[in-house]
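This report goes through selected strands, helices, single residues and a pocket. The sequence and structure come before the details.

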Amino acid sequence: MKYKALSIAGFDGSGGAGIQADLKVFSAFGCYGMTVLTALPVQNTTGVKKCYPLPLESIKDQLEVIFEDITPDAIKVGMLFSTEVVELVSEFLSKYAANIPIVVDPVMVAKSGDYLLLPEAVEFIKEKIIPMSTVITPNLLEAEELTGIKASTEEEMSTVAQELLKLGPKSVLLKGGHLENCSESCDLLITADNDYGWFSSLRIETKNTHGTGCTLSAAIAACLALGLNLFESCKIAKEYLSKALEAAKNQRIGKGIGPVHHFYHLWPTLNKIMEE
C-alpha cells in the first residue's frame, strides 16, 4: 500500500465506470485507492436514469479530509457534472496538488448517450481544469466538443491534438477508438514539448465497453503513482485496457453495455486466499 491514487469522479452503482471502476483499476495496479464523490448518477449497463447533484460543501469536505490525512501520489479527475463543482475542484487542486500528477478524463456523455457534464460547464472545464492537468484523455467526440474540430483520420487526430494542447495541458492522449473502418484502435500522445507517440491495439468487437474511458485514465494515474513516466504509463494503460476488453468480450453482465474485466490477470483468487 505504498502507492496511493485518488479518484475525483461520479458514481456507478453497477460497478463498471466512475469511482467504482477507478478503485478496481487502482487495486489491479497495486495502488491504494481513495475517492472523492462529485455527483450521484443512478445508472446501470442500460443507461443513466437520473443524476443527483451533491452539496458543494460535501465535496469540499471530502477533499479536505483526504488531503489532511493522506497525500495521493497521483490524481484522476473524471465526472464533475456542473460549473460549480468544476470551480470548487480546480480551486482546491491548484492550492493543494501543485506537484501531484493529474490525469483529466473530460467526461461529458455516457456510453448510453446521457449527459454527465452539463453543457454550460464545458467552458469551465477548458478554463479551469484542463490547464492544470498532466495529461487529458478525451475521445474523439469529447475532443470535438472541446475544440469544435471533428477528426475522422489519424492525420486529423494530430491536428485536433495540437488544438487541445492550446488549452494548456502538459500533454494530450487523444483516443481514436471512434475512428471508423479501422482494424486497430490508435491513440495519440502529444506533449507541450512536441514529443509524441502512437499506441495501437487490435480493435476488439464487443458490446462490453462500459467504463473504458474511466478505466484507461485510472490506469494512467495508477502508473504515474507507481513512478513511471508518462509514455510508459500510457503504453501500459493501453495494454491493460485491451486485455481487459478481450477478457470480457463474451461475458454477459447486465442487459446493456457491459463492463470490462478489471481483474483478468488476478482472478480467481480463492486458492491464494486459502493458502497457508
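## The segment before S1

Lys2 sits in the segment that comes before S1. The model is a predicted one, and in it Lys2 has a relative accessible area of 61%, which is over the 50% cut-off, so Lys2 is exposed. Although Lys2 and Leu226 are 224 residues apart in sequence, their C-alpha atoms are 8.8 Å apart in space.

## Strand S1 and its partners

Strand S1 covers residues 4–9, and six of its six residues are buried, so the rest of the structure largely encloses it. Lys4, Leu6 and Ile8 point one way from S1. Ala5, Ser7 and Ala9 point the other way, and the residues of both groups are all buried. In a regular strand, side chains alternate between the two faces of the sheet.

S1 pairs with two strands described here. With S2 (residues 32–37) the pairing is parallel and runs over six bridges; Ala9 has Leu37 of S2 as its bridge partner. With S5 (residues 74–77) the pairing is also parallel, over four bridges, and Ala5 has Ala74 of S5 as its bridge partner. Helix H1 (residues 18–28) completes a β-α-β unit with S1 and S2, and this unit is right-handed.

## The S3–S4 hairpin

S3 (residues 39–44) and S4 (residues 47–53) form an antiparallel pair with six bridges. Two residues make up the hairpin connection from S3 to S4. Within the pair, Pro41 is opposite Cys51 of S4.

Which side chains of S3 are buried, and which are not? Ala39, Pro41 and Gln43 point to one face and are buried. Leu40, Val42 and Asn44 point to the other face and are not buried.

## The loop between H3 and S6

Ala98 belongs to the loop between helix H3 (83–96) and strand S6 (102–104). Its relative accessibility is 62%, so Ala98 counts as exposed. Ser133 is 35 residues from Ala98 in sequence, and the C-alpha to C-alpha distance between the two is 9.9 Å.

## Helices H7 and H8

Helix H7 (residues 212–225) consists of 14 residues. From its first C-alpha to its last H7 reaches 20 Å, close to the 20 Å expected at 1.5 Å a residue. H7 is mostly covered, with 14 of its 14 residues buried. Just after H7 comes Gly227, which takes a positive phi of about 100°.

Glu232 is placed in helix H8 (residues 230–248). Is Glu232 buried or partly exposed? Its relative accessible area is 38%, and therefore Glu232 is partly exposed. In sequence, Glu232 and Ile220 are twelve residues apart; in space, their C-alpha atoms are 8.9 Å apart.

## The second largest pocket

How much space lies in the second largest pocket? The volume is about 230 Å³. Its lining is made up of 13 residues. Those that lie nearest the centre of the pocket are Ile253, Pro259, Val260, His261 and Trp267.

By class, the lining holds six nonpolar residues, six polar residues and one charged residue. Empty space of this general kind is found by rolling a probe the size of a water molecule over the atoms.

Key: Residues are numbered from 1 along each chain as its sequence is written. This is a predicted model: local features need pLDDT of at least 70, side-chain atom pairs count only at pLDDT 80 or more; totals for chains, interfaces and linings use all residues. Side-chain values use heavy atoms; hydrogens and water are left out. On a 1 Å grid over the protein atoms alone, a cavity is a set of points where a 1.4 Å probe fits but cannot get out, and a pocket is an open set with protein on both sides within 12 Å along at least five of seven lines; lining residues have an atom within 4 Å of a point. Grid points are joined across faces, edges and corners, and a volume is the space filled by probe spheres set on the points. Ala, Val, Leu, Ile, Met, Phe, Trp, Tyr, Cys and Pro count as nonpolar, Asp, Glu, Lys and Arg as charged, and the others, Gly among them, as polar. Buried means under 20% relative accessible area, exposed over 50%, partly exposed in between (1.4 Å probe, protein chains only). Two strands pair if DSSP finds at least two bridges between them. A crossover is right-handed if, with the strands pointing away from the viewer, the path from the first strand over the helix to the second runs clockwise. The expected span of a helix is 1.5 Å times one less than its number of residues.
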